[in-house]
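Grab a pencil and have a go at these exercises before peeking at the solutions. Each one comes with a step-by-step walk-through.

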Amino acid sequence: MKQPLSYILRPKTVNDVVGQSHLINKENGLVSRMIEKRFLTNLIFYGPPGIGKTSLAISLANDLKIDYDFFNASNDKKEKLQSIVKNINDNEFVLIIDEFHRMNKSIQDFLLEYIESKKLVVFITTTENPYFVINPAVRSRSTILQLKEITEDEMFNGLNKILLKIDNKTVIKEDGLRAISSRSNGDLRFAINMIEIIQELYNDKVIDKDFIDQLSFINSAKGSSYGDEFHDLKSALQKSIRGSDVNASLHYFARLFEIGDYETLMRRMIIIAYEDIGLANPSIPVRVVNACNAFRQVGMPEGRIILGLVIIEMALSEKSNSSIMAIDNAIADVRKSNIPPIPSYLRDNHYDSSAKLNHTYNYKYAHDYPNDYVEQQYMPDLIKNKKYYIPKTHNIYEKKLVDIYNKFTGKYNK
């Protein structure tokens with residue numbers, strides 16, 4: 001079977017790497033300095049998919065003229081790692097570990113022994129934040145290299161160089177190559193795959209911007225359903241809705257929607273509805289839950305209308321976080337062991353002889369009083385003046401709740 005063009009064109013030296021000029025430059029670039037000084041150390045290559053983490057790791061090992069082997073944490077078994085380690089000799093050697101965030105704890109612990117003893121040098125690649133997914137002991141013995149997204153200009157220049165290396169029989173005009181660069185959204189692997197498809201299927205065409213625009217499959221939605229990019233998109237969506245920016249909310253919704261992990265998107269939408277809108281508009285959480293259920297029933301493509309509508313509603317709605325603040329304040333108190341005795345008249349009196357232990361006869365039954373309210377202390381004595389809920393009365397609904405409450409209690413008056 002013919003090898004993919006992206007595999008054939010994988011850089012063999014850092015000079016062939018596209019982008020990452022902050023690491024590869026003759027002044028203070030760390031990778032360039034490592035090659036110049038022939039210095040070897042444990043490295044973590046961290047960044048989104050498709051920007052060349054593995055390619056940079058291989059290129060660096062090649063330029064350092066050091067033997068290396070691969071271990072893919074997604075597919076390879078612990079036995080392979082044990083075999084690699086068993087055959088290590090006194091010569092310099094690097095183990096390149098792809099998808100390290102998928103490596104389970106037992107394998108990480110096994111690896112740590114050899115890293116600590118300096119019997120093994122590792123080049124680790126990961127799409128997820130190393131501070132979250134990598135054993136702290138491994139991380140502390142490594143230098144983190146955060147790879148940056150490939151800019152459109154870097155992508156264009158890199159693809160130009162690639163076209164010079166291959167037997168390119170297709171006429172790709174400058175505006176066509178720029179269109180591919182733009183649509184790739186920083187994913188070099190995606191761009192190379194698109195060039196391969198164009199070469200194989202459309203080599204009788206002149207490839208310009210207009211032609212690229214007609215190819216609906218050439219569209220790399222930035223992000224994947226795992227990794228920092230995905231978490232950042234969810235965060236950006238929530239902060240945009242919280243900030244009532246309907247256009248930004250729709251933008252981040254669209255990016256998450258195109259990734260296709262609808263269940264995770266809908267879970268975040270429900271969280272936003274309860275956390276950031278809450279008592280300001282209590283109908284919104286119900287509407288969001290109903291919209292999510294309707295989406296599951298209707299499916300695609302019409303489902304986008306249902307979810308998009310409630311995204312707009314959430315962004316335009318009044319906001320209040322008073323409920324989550326009250327909930328977290330109460331939970332924090334309990335976790336600090338601030339749990340004084342329950343007043344005796346509030347304790348259970350549904351068993352025989354309960355009155356001998358608890359003065360439950362002092363309890364006032366609220367429904368026996370006007371407006372179903374009676375002044376009575378419900379908080380334990382030691383925290384009787386404690387307030388968890390602090391209302392936000394700038395929104396209509398919550399102000400109405402407080403006004404009604406004040407009519408028969410006189411509480412929460414400002």
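**Exercise 1: a buried acid and its partner**

Asp 333 is buried, with a relative accessible area of 7%. Keep in mind that you're looking at a predicted model.

Task: find which side chain meets Asp 333 in a salt bridge, and place both residues in the chain.

Solution:
- Step 1. The partner is Lys 386, with 3.7 Å from N to O. That fits the cut-off, since a salt bridge needs the nitrogen within 4 Å of a carboxyl oxygen.
- Step 2. Asp 333 belongs to helix H17 (residues 322-335), while Lys 386 sits in the loop between H18 and H19, so to speak 53 residues away, and the pair links distant parts of the chain.
- Step 3. Lys 386 has a relative accessible area of 37%, so we call this residue partly exposed.

**Exercise 2: bridging two helices**

Task: work out where the partners Arg 242 and Asp 276 lie, and whether each is buried or partly exposed.

Solution:
- Step 1. The closest N and O atoms of this salt bridge are 2.7 Å apart.
- Step 2. Arg 242 is in helix H12 (residues 228-242) and Asp 276 in helix H14 (residues 262-277), 34 residues apart.
- Step 3. Arg 242 comes out as partly exposed at 38%, whereas Asp 276 is buried at 7%.

**Exercise 3: count them up**

Task: how many salt bridges does a search of the whole structure find?

Solution:
- Step 1. The search turns up 13.
- Step 2. Another of these pairs is Glu 263 with Arg 296, at 3.0 Å from N to O.
- Step 3. Glu 263 is in helix H14 and Arg 296 in helix H15 (residues 283-298), so their bridge ties together parts 33 residues apart in sequence.

Note on methods:
Residues are numbered from 1 along each chain as its sequence is written. This is a predicted model: local features need pLDDT of at least 70, side-chain atom pairs count only at pLDDT 80 or more; totals for chains, interfaces and linings use all residues. Side-chain values use heavy atoms; hydrogens and water are left out. Helices (H or I, at least four residues) and strands (E, at least two) are DSSP runs, numbered from the N terminus. Buried means under 20% relative accessible area, exposed over 50%, partly exposed in between (1.4 Å probe, protein chains only).
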